Amino acid sequence: MRYSATVEIMEEKSVRVGLLGCGNVGKALVGLITSQREAILSRTGLNLTIQAIAVQNPEKHQDLGALAERITTRAHDVVVSDDVDLVVEVIGGVEPSKELIEAALRSGKPVITANKELLAKHGPELFEQADQGNLDLLFEAAVAGGIPLMRALRESLKGEPIRRVMGIVNGTTNYVLSQMTETGMSYGDALAEAQSAGFAESDPSADVEGQDAASKAAIIAMVAFGARLGLSDVTYEGITQVSAEDIDFAKRFGHTIKLLAIAEHDNGEVAVRVHPAMVPDHHPLASVRDSFNAVFVEGEAVGDLMLYGRGAGGSPTASAVLGDIIAAANNLTQSTNNGLGNLRQASIQSTEGLENAFYINLEVTDEPGVLAAVASVFGNHGVSIRSMEQEGLGGEARIVFITHASKERNVHSTLDELSELDCVIQIGTKIRVVGA
Ligand code: HSE
């Protein structure tokens, strides 16, 4: 038998990119498009070129070689230009990004954005605008940087009944907590170390207070559950109250403290939150160290999955943006798009109704009857104690409790009543125990 091979010549399709912003991510993207151009052309038939780069200060970007002549300060001209087919927004922040993305969509251009804050606050309206124009609005880089989480949720797991997505989605706080865990450093020293090593911003508040992770959690919930919600529906707290002592107690209980973003879906209700959590050492998230991110997905059919990688940094984020550019460029050449569909108005479950086990750290007077008095307050509010440790502090004592899963409102009322007791000197950190 004789075989004959047919070589199909792919038709070359030119797609011209308008880039808004050229910081770390933008620069890495320009480098990646330039170095991968031939490979992308031979694999996809797409000839990607950078048509224009909008920046605020052109003098800072003269290192772009031949592309320096594509630099402009007129971002609005880029998004409406007939010479631009697809817009990439890596400016960050709500404005002017929102106005520029809306203008790009109005002028019929698909948009790729890495902007978590914008999508967490205005995602549903922007997705609707994109869908109405049959245009892509893709955002892989907005959550967990280089990890292809959005595509996994939007495509591979589209039909999966997802119960919970739980992740370490902020590299700065994971680095700080890893340093505290591995060296015994205080929170302040670990943060200072992270800043000098370039892992934390000089103003780290959005990271350490949990807002960055909360924005990502809101986007995860939109995509995983098809839910219409926003940042204001996310309850969040950061890591600023976590002490070296909490980390040490967690270790003794066989746990590691992580800042978790958790999006859950139960009985038509959605709960989205970010908080420090004690994770048992055997849970895969416990071993995610340094500035790495990881996201654990619990599905009814698929079971448990985990995606792991770099959640920040120019190159990993640019890699995610480039994947989106190729997907959107392909769709554009086929006059199609890949939207999120109709997002249903989410019924948001109050965190007070959620059940969690808690770690609670109390400083008390060291006298007869104190333990019994404290324990009875837990009992009064229906909070059952799973384990307890006490250590003397010289006239005072520290008692650390781990509770069984209890409604948050019951734990809060327990703490309120404990704060009234004369024998309670101080109520320290309370940290949820998750993933047992
Ligand atoms: N500042 C974030 C982090 C990266 O530390 O993970 C951007 O969202």
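**Exercise 1.** Which residues lie nearest the centre of the second largest pocket, and how many residues line that pocket?

*Solution.* The model is predicted, so local features need pLDDT of at least 70 and side-chain atom pairs pLDDT 80 or more, while totals for chains, interfaces and linings use all residues. Residues are numbered from 1 along each chain as its sequence is written, and side-chain values use heavy atoms, without hydrogens and water.

Step 1. A pocket is an open set of points on a 1 Å grid over the protein atoms alone, where a 1.4 Å probe fits, with protein on both sides within 12 Å along at least five of seven lines; lining residues have an atom within 4 Å of a point.

Step 2. The lining has 43 residues, and Ile162, Arg163, Arg164, Phe225 and His265 lie nearest the centre.

Step 3. Elements that give two or more residues to this lining include strand S7 (162–168) and helix H9 (211–225). Helices (H or I, at least four residues) and strands (E, at least two) are DSSP runs, numbered from the N terminus.

**Exercise 2.** Find the residues around the ligand and the polar contacts of their side chains.

*Solution.* Step 1. The ligand is surrounded by Lys116, Asn170, Gly171, Thr172, Asp207, Asp212, Lys216 and Ala312; a residue is near if one of its heavy atoms lies within 4 Å.

Step 2. A polar contact is a pair of N or O atoms within 3.5 Å. The side chain of Asp207 has a polar atom 2.9 Å from a ligand nitrogen. Ligand oxygen atoms pair with Asp212 at 2.9 Å and with Lys216 at 2.8 Å.

Step 3. Helix H6 (171–183) and H9 each supply at least two residues of the shell.

Note on methods:
Polar contact = N/O pair within 3.5 Å; in protein donor to acceptor, adjacent residues only side chain to side chain.
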